[in-house]
Amino acid sequence: MTRRMFSPFRHVTRTIATASSLSLISRPSSCVTKRSGVCNHFWPRQTRAYAAIPPTGLAPTHSIYVSNSTNPYFNLTLEDWLFRYHPPQAPLLLLYRDSSCVVIGRNQNPWKEVNLTEAKVRGVPWIRRRSGGGTVYHDLGNTNYSIHVPRTTFDRSATAQVVVRAVRALAWTRSAYKIVSNRAYHHGTMLISTRLDTLGDLLHTNKPTMNTKGVASVRSPVRNLVQSSMTATHQAFVDAMVGSFREEYGIDKEPCVVDEAPEYVQDEYFRVGMTELRSWDWAYGQTPEFEYVVSKVFEWGEVTSTIHSKHGLILSCSFSLSEDASISQTTRSALDTLSQNLIGTRYGFVDGSETLGAIGGGNEVGRVEEVWSWLKGEMNV
C-alpha cells in the first residue's frame, strides 16, 4: 500500500528502458570564479526581512553542479545563488540530497502543511524555500534536481523529458517551477528509497477549519523507485540525469562537484542566505494570511475561537460562547481582555505571562486559564 502525502505537484508514471550507471562525475579544479566587483540586485517581492539581495564574491562557471553537502540550508541557498547568478541564457542542472527535513513552498502555511508536533518529536526541521509549489519531505533516500533555463525557452515538457529519459523505470517524482524575470527553473524530488512512513507522519495534518490565502498542498500517491528497480541508487540517478541533460542541451562539460567548503560558506550571499532560512522572519513571518476556527466543550459550556493571522502575527482573536455557558460577566470580560492581549503577538509563540498578566484574579479566572491552555495548544500543533 502506498502512502499519501500533501503536494500540489503532478505525479507521473513513466515506463522506459533501464539506464546504466555512467560514472560521469569528475571534480574540476574550480567550480566558481571570483567576481571582480560586488553586484547588488533587488529581491523579487518575497521577503520582508531584506530590501536587497546579499552581495556575492563568487560567480558560477559550470553548466552542471552536483552537491556533496546534505545540509538543506546550504543546498537551498546554493540553488537560489545559481538561479540568480548563473548566466540566464545558459541551461543549468543542479543535483543534491538533503538530510531529513520538510520543505514547504514560499507561499505556504507551516501550521497547515506540517505536523509540527511530530517534527519536533523526531527532531526533523522544516524549511521555507524561496520558490513556490507545495510541501515535500527530503531525506537521503531521495534525490533533488533543479533544471534552469532561459524564460523564453522554458518548456515544462522538455525539462520533464530530461527526467523521464534518466530514470527508465517506473518512477514517481514531484516537481515545481519558478519563473522570475528572464530565467525559469523546474525542480523536483525523485523518491528512490525514502522513508515513506516518516513522510506520511510528518505531512499528515488535520485542520479543515484553517483557511489560508496561501498555496495549499493536495494529496497525491507516492512510491519509491526501488519498488520498480532494485538497482536504483542516488549515484545511478545522478549519472543518468547528467547524461540526459547533456543530451537535451548539447553540453559536453564536466560536472562541478560542490562541497560545503569555505569559499561558499564564508561568502556573504551564502552566509546571509543560510541564516535567513533559519530565521523567524522568513520561516514564520512569510506565512500568508489565514483564519483558524476551533471549538471545545468545557464542563461549563462550549467555546469557539476565531483567530485571524498574517505574516505570523495575530491580527484578531474572538471568543463566542454557547447559550448554556455558565460563566459570569466578569469571566466574559476577562476573555475579551485575553482577545485584546493576543493582538500583535506571534502566532504559536505566545507566552502565558504576556496574555494572562493583565487579566487579574477572581474566582473564575481559572476558566480563562482553561481556555488559554486549550487555545495555546491548538496554535502549537
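Okay, a definition to get going: the expected span of a helix is 1.5 Å times one less than its number of residues. Keep that in your head, and remember that what we have on screen is a predicted model.

Now find helix α12, residues 365–379. With its 15 residues, α12 reaches 21 Å from first C-alpha to last, and that is close to the 21 Å expected at 1.5 Å a residue.

Which residues of α12 are buried? They are V368, V371, W372, W374, L375 and M379. And why do we say these sit on the same side of α12? Because they cover an arc of only 165° around the axis. If you haven't met this idea before, an α-helix has 3.6 residues a turn, so residues three or four places apart point the same way.

What does α12 lie across? It's β15, β16 and β17, and α12 runs at about 135° to β15.

So let's look at those strands. They belong to an open sheet of four, in the order β12-β15-β16-β17, with antiparallel pairing. The edges are β12 and β17, each of which pairs on one side only. Going from one strand to the next, the twist averages 15°.

Let's walk across that sheet, starting from β12. Strand β12, residues 210–212, is joined to β15, residues 290–298, by three bridges. One pair to click on there is N211, whose bridge partner in β15 is E291.

Next step: β15 to β16, which covers residues 301–310. Here we get nine bridges, again in the antiparallel sense. The two strands form a hairpin, with two residues between them. Pick out S295, and you'll see that its bridge partner in β16 is T304.

Last step: β16 to β17, an antiparallel pair joined by eight bridges. T304 turns up again here, since its bridge partner in β17 is S320. Put those pairs together and you can follow a path from S295 to T304, and from T304 on to S320.

Right beside T304, let's stop at S305, also in β16. Is S305 buried or exposed? It counts as buried, because its relative accessibility is 0%. Who's around it? Leaving aside neighbours within four places in sequence, S305 is in contact with Y292, V293, V294, C317, S318, F319, W374 and L375. Two of those names should ring a bell: W374 and L375 are among the buried residues of α12. S305 has a polar neighbour as well, with a polar atom of its side chain 3.4 Å from the backbone oxygen of S318.

One more stop here: H311, in the loop between β16 and β17. Its phi is near 55°, a positive value in a residue other than glycine. Unlike S305, which is buried, H311 is partly exposed, with a relative accessible area of 26%.

Before I finish, jump to another sheet. This open sheet has three strands, in the order β7-β6-β8, and the pairing is mixed. At the edges stand β7 (126–128) and β8 (136–138), each with a single partner strand, so one side of each is left without a neighbour in the sheet. The twist in this one averages 30° from one strand to the next.

How many bridges join β6 to β7? Three, and these two strands run parallel. If you'd like a pair to find yourself, β6 covers residues 101–104, and V103 stands opposite I127 in β7.

Methods:
Residues are numbered from 1 along each chain as its sequence is written. This is a predicted model: local features need pLDDT of at least 70, side-chain atom pairs count only at pLDDT 80 or more; totals for chains, interfaces and linings use all residues. Side-chain values use heavy atoms; hydrogens and water are left out. Two strands pair if DSSP finds at least two bridges between them. Buried means under 20% relative accessible area, exposed over 50%, partly exposed in between (1.4 Å probe, protein chains only). The arc is that of the directions from the helix axis to the C-beta atoms. A polar contact is a pair of N or O atoms within 3.5 Å; within protein, one must be able to donate a hydrogen and the other to accept it, and residues adjacent in sequence count only if both atoms are side-chain atoms. Contact means heavy atoms within 4.5 Å. Axes are lines fitted to C-alpha atoms, for helices over the stretch in contact, and angles run from 0 to 180 degrees between N-to-C directions.
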